[in-house]
Amino acid sequence: MSKINSRENARDRVFARPWSEVRAFEFDDEVARVFDDMIGRSVPGYDLLLRLIALHGDVFAQPGSCIYDLGCSTGLASRILAQQTQGRAQVIAVDNSPAMIEQCRQRHAGLDIDWRCADILDTVIEDASLVVLNLTLQFIRPEQRLALLQGIYRGLRPGGALVLTEKIRHDDPALQQRMTELYQAFKKTQGYSDLEISQKRSALERVLVPDTEAEHVERLREAGFQTVDECFRGLLFVSWLAVKS
Ligand SMILES: C[S@@+](CC[C@H](N)C(=O)[O-])C[C@H]1O[C@@H](n2cnc3c(N)ncnc32)[C@H](O)[C@@H]1O
């Protein structure tokens, strides 16, 4: 298996100092520069998740097809997919943050990946055997999520798949509280302070809007996917493999 990109960029200190007013979270230059460290320390099992995405590339990439990485950020999943599939399929990586796409172009220059600075809601999925939505759907307005998944379904070849990873919420308040506490404890073990954790949480409110597991599964089925199976879980983070027959 290909080696995952080492954490090439700087330590995440975005929320380390007290902000007079916490602004809404943005995928801007400051975040793009430290993004690998931020996501690696914020998502339990992130490196394993990337390895599993690469395995999906192995299993699902059809010769001459396209693999889409929607909301690619700094391109870590795109890169491991391109390395794993070795030209069997064209990797197309899309993000609407110019700072993120700039990082991708600089850091993965030698790889044959089609980097696109575009809105995934305007991106037509064509001739795809695999689509990856890794922690991106949660940033799309809830009323636009179904249409996005329907477009992905339409653009997949028969036998093609979507890997969807999301931070989820639980309907049961006690369970949600327990999982949130566990997640905060995890972030502390990753070196984040109470201030960083609480400021980032405020910044993400109304920007990252999580759904329940039932909502995700129901929406994937409504979009057309015949098979929907959970394929990864770490605290509040869940992945599903949705296959088009
Ligand atoms: C949490 S990050 C995704 C992480 C990345 N997929 C990975 O595997 O490391 C979410 C990304 O989605 C992008 N994004 C959010 N809304 C978008 C949209 N409408 N179109 C394109 N990209 C979008 C953001 O700029 C950000 O880079």
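Here is a quick tour of this protein, from its overall build to its sheet, one buried helix, the ligand shell and a few unusual backbone angles.

Keep in mind that you're looking at a predicted model. The protein has eight helices and seven strands. Its radius of gyration is 17 Å, close to the 18 Å that the globule rule gives for 245 residues, so the protein is as compact as a globular protein of that length. If you follow the C-alpha trace along its principal axes, it spans about 50 × 40 × 30 Å. Of the 245 residues, 37% are buried. Take the contacts between residues at least 6 apart in sequence: 75% of them join residues at least 24 apart.

**The sheet**

Now for the strands. Seven of them form an open sheet with mixed pairing, and the order across it is S3-S2-S1-S4-S5-S7-S6. Strand S3 (113–117) and strand S6 (227–234) sit at the edges, each pairing on one side only. On average, neighbouring strands are turned by 15 degrees against each other, ignoring direction. Helix H8 (residues 213–223) packs on this sheet, where it touches strand S5 (156–167), S6 and strand S7 (237–243). The direction of H8 makes about 15 degrees with that of S7.

As general background, strands of a sheet pair through backbone hydrogen bonds, either parallel or antiparallel. You can find both kinds here. Strand S2 (residues 89–95) runs parallel to S3, and five bridges join the two. One bridge pair there is Val94 with Arg116 in S3. Over at S7, the pairing with S5 is antiparallel, with seven bridges, and Lys167 stands opposite Phe237. S6 and S7 also pair in the antiparallel sense over seven bridges, with Phe232 opposite Ser239. S6 and S7 form a hairpin with two residues between the strands.

**Helix H3 and the ligand**

How much of H3 is buried? Nine of its 10 residues are, so to speak, under cover. Among them are Leu76, Ile80, Leu81 and Thr85. What do the buried residues of H3 pack against? Their partners are helix H1 (29–42), helix H2 (46–60), strand S1 (65–70), S2, S3 and strand S4 (128–134).

H3 turns up again around the ligand. The shell there holds 20 residues, and Phe27, Gly71, Asn96, Ser97 and Asn134 come nearest. Helix H3 (76–85) and S2 are the elements that give two or more residues to this shell. By class, the shell has 12 nonpolar, six polar and two charged residues.

**Backbone angles worth a look**

Most residues other than glycine have a negative phi, and most peptide bonds are trans. The residues below have a positive phi instead.

| Residue | Place | Phi |
|---|---|---|
| Ser73 | loop between S1 and H3 | about 50 degrees |
| Gln86 | just after H3 | about 55 degrees |
| Arg206 | loop between H7 and H8 | about 70 degrees |
| Leu235 | hairpin of S6 and S7 | near 55 degrees |

Two of these residues sit in quite unlike surroundings. Are Ser73 and Arg206 buried or exposed? Ser73 is buried, with 26 other C-beta atoms within 10 Å; a residue counts as buried at 20 or more. Arg206 has 9 C-beta neighbours inside 10 Å and counts as exposed, because the limit for that class is 12 or fewer. Arg206 is in the loop that links helix H7 (194–204) and H8.

Note on methods
Residues numbered from 1 in each chain as written. Predicted model: local features only at pLDDT ≥ 70, side-chain atom pairs only at ≥ 80, totals over all residues. Helix = DSSP H or I, 4+ residues; strand = E, 2+ residues; numbered from the N terminus. Rg over C-alpha atoms; globule rule 2.2 N^0.38 Å. Contact = placed C-beta atoms within 7 Å. Pairing = 2+ DSSP bridges. Axes fitted to C-alpha atoms, helices over the stretch in contact; angles between N-to-C directions. Near = placed C-beta within 6 Å. Nonpolar A, V, L, I, M, F, W, Y, C, P; charged D, E, K, R; others polar.
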